[in-house]
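Please look at the sequence and the model before reading the points below. They are meant to be checked one at a time against the structure.

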Amino acid sequence: MEDIRIVLSFIIPLVFIFICIKKKVSPVLFTLGAGVLTALIGGLPLAQIPGTMGSAFGTMMTNSAYVIIFGIMYGELMEATGGLSALLTRMVKRTGANGSIVAVFIFGYVLSIPVGFPAAMAVGCPMLKPLSRKTGKPLVSFASAFIPASFTTSSLVIPTLTPVLVCGLVGANLGWSFVYSLVASLAAALVGCLVWAFAMAKVYGKIEKAEDFDGELVDVAEPDNAPPTSLIVGLIILPIALILAGTILPQMLPADNPIVTLFNFIGNTSFALILSIMVELVVLRKYLDNTMKVVETAVSKCGMNLVLTGLSGAMGAILMAVGVGDMLLRYTENINLPVLALAFLITLLIRVSTGVTTVAATTVAPLLLPMVTSLGVSPVLYALAICFGCVGPALPNDGAFWMYKNFAGMTTKETFLSFTIPTTIIGILGLIAIMVLNTLAPVLPGLL
């Protein structure tokens, strides 16, 4: 009877979330409501609900707030100059028609790391049709190269929201999570995005929707007063390089080496972003009409993400408090399925059913953590398994599906071909990559 109550405390809030999504209720409201509903159904004493949720909210702010705030600000400053759009245009012009798919893939994969998926989509999607007109390559091929790659890094690579949330919940080292998420996501995306994009180009072999491309071919427009390519590329690489240096150098040099001390400081994820923002404020000043207004816009965008971060942590704490985690441990301890595969599968099922990445990730993260800890599995790989479970498949109940379709002007069929199928492939390949890393964990740094 107790287990039935616990199951209901998990299932009913998920149904509630799904209904709220269909009714377009704010995620802040339905996440808060789901947390309270879970506590009530699970039998948590009323007096304990505020403290449990408040403590978890504060913990998530401590672990994640700086990275979220500075990540959004960093991307906003770069986007406001028009430099990101100009970079894509220049990459395609330099590579030509034959290399344009690769250029779009690289741009999509890298762009989401500093700016996140919505911003990357807003910058890149309007460029896809003009690129298709100019090169003669099918639109669905460019979309397959750009969107799934961007969605993958946004779901996996710090400082984007989902991996920051998950790492905070499971106690995974941010630096090593960054390193291994780059390795695993690139391996999966090369096949799931790039190989698939070339397959789409071969299958269709021409523009798919001729009515969209009547008239003369035109050059892809480049924003006025855009920063030089080298500057934008340098700014994209800067925080990545600092975080990598801060993670890897301490493994290569003695602990008392002054270089290690320096990079332990500047390679910290939060400070790497702060330092990158300081550099942006100096080098991008002449390309921005009102720098402080851009900063204020970035800060205003942080509010929703911060609230969702805290509430996601609160939801996870409530699930643990009512016994969902303990029940899962009891029922899965005899299942012949590795905990990383189990984490991936549960996350995937919740994401597919709700269509909300952060809900799936933050629901699962605390549930299997006791099992992960008792088995000695790396928290870094556990976080990666959850994040890969969030990648695919992207279905029509996911807001990103329709947002992308509208941004790029795709048909529903093209959206399935260029988003749903590639993200499914990437998710499966990501799980395989994680299992390989888990096998090699004893000889790899940062995983034990």
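1. Leaving aside residues up to four places away in sequence, Ser 155 touches Thr 162, Pro 163, Cys 387 and Val 391. Please keep in mind that this is a predicted model. Ser 155 belongs to helix H6, which covers residues 139-156.

2. Is Ser 155 buried or exposed? Its relative accessibility is 3%. Buried means under 20%, so Ser 155 counts as buried.

3. One of the contacts of Ser 155 joins distant parts of the chain. Ser 155 and Cys 387 are 232 residues apart along the chain, yet their C-alpha atoms are separated by 6.0 Å. The side chain of Ser 155 also has a polar atom 2.9 Å from the backbone oxygen of Phe 151.

4. Thr 162, one of the residues touched by Ser 155, sits in helix H7, residues 161-170. Thr 162 is buried too, with a relative accessible area of 7%. Apart from residues up to four places away in sequence, Thr 162 touches Ser 154, Ser 155, Thr 357, Thr 358, Ala 361, Cys 387 and Cys 390. Cys 387 is thus on the contact list of Thr 162 and on that of Ser 155.

5. How much of H7 is buried? Nine of the 10 residues of H7 are buried, so the helix is largely enclosed by the rest of the structure. The buried residues are Thr 162, Pro 163, Val 164, Leu 165, Val 166, Cys 167, Gly 168, Leu 169 and Val 170. Just after H7 comes Gly 171, with a positive phi of about 75 degrees.

6. Next, the packing of helices. Two packed helices are described by the angle between their axes and the distance between the axes. The axes of H6 and helix H19 (residues 412-440) come within 9 Å and cross at roughly 40 degrees. That angle makes H6 oblique to H19. The crossing of H6 past H19 is right-handed.

7. Which residues make this contact? From H6 they are Leu 139, Val 140, Ala 143, Ser 144, Ile 147, Pro 148, Phe 151 and Thr 152. From H19 they are Glu 414, Leu 417, Ser 418, Phe 419, Pro 422, Thr 423 and Ile 426. Sorted by class, the contact of H6 with H19 has 10 nonpolar, four polar and one charged residues. Phe 151 appears here on the H6 side, and its backbone oxygen is the one that lies 2.9 Å from the side chain of Ser 155.

8. A second pair is helix H8 (residues 174-204) with helix H9 (residues 229-252), whose axes come within 9 Å and cross at roughly 110 degrees. H8 and H9 are therefore roughly perpendicular to each other. H8 contributes Gly 175, Trp 176, Phe 178, Val 179 and Leu 182 to the contact, and H9 contributes Ile 240, Ile 243, Leu 244, Thr 247 and Gln 251. By class there are seven nonpolar, three polar and no charged residues in the contact of H8 with H9.

9. The last point concerns Ser 185, which lies in H8. Ser 185 counts as buried, at 0% relative accessibility. Its side chain reaches the backbone oxygen of Ser 181 at 2.5 Å. Beyond residues up to four places away in sequence, Ser 185 touches Tyr 109, Thr 152, Leu 156, Val 157 and Phe 388. Thr 152, in that list, is also one of the H6 residues that meet H19.

Note on methods:
Residues are numbered from 1 along each chain as its sequence is written. This is a predicted model: local features need pLDDT of at least 70, side-chain atom pairs count only at pLDDT 80 or more; totals for chains, interfaces and linings use all residues. Side-chain values use heavy atoms; hydrogens and water are left out. Helices (H or I, at least four residues) and strands (E, at least two) are DSSP runs, numbered from the N terminus. Buried means under 20% relative accessible area, exposed over 50%, partly exposed in between (1.4 Å probe, protein chains only). Contact means heavy atoms within 4.5 Å. A polar contact is a pair of N or O atoms within 3.5 Å; within protein, one must be able to donate a hydrogen and the other to accept it, and residues adjacent in sequence count only if both atoms are side-chain atoms. Axes are lines fitted to C-alpha atoms, for helices over the stretch in contact, and angles run from 0 to 180 degrees between N-to-C directions. Angles under 35 degrees count as roughly parallel, over 145 as roughly antiparallel, 65 to 115 as roughly perpendicular and the rest as oblique. Ala, Val, Leu, Ile, Met, Phe, Trp, Tyr, Cys and Pro count as nonpolar, Asp, Glu, Lys and Arg as charged, and the others, Gly among them, as polar. A crossing is left-handed if the near helix is turned anticlockwise from the far one by less than a right angle, and right-handed if clockwise.
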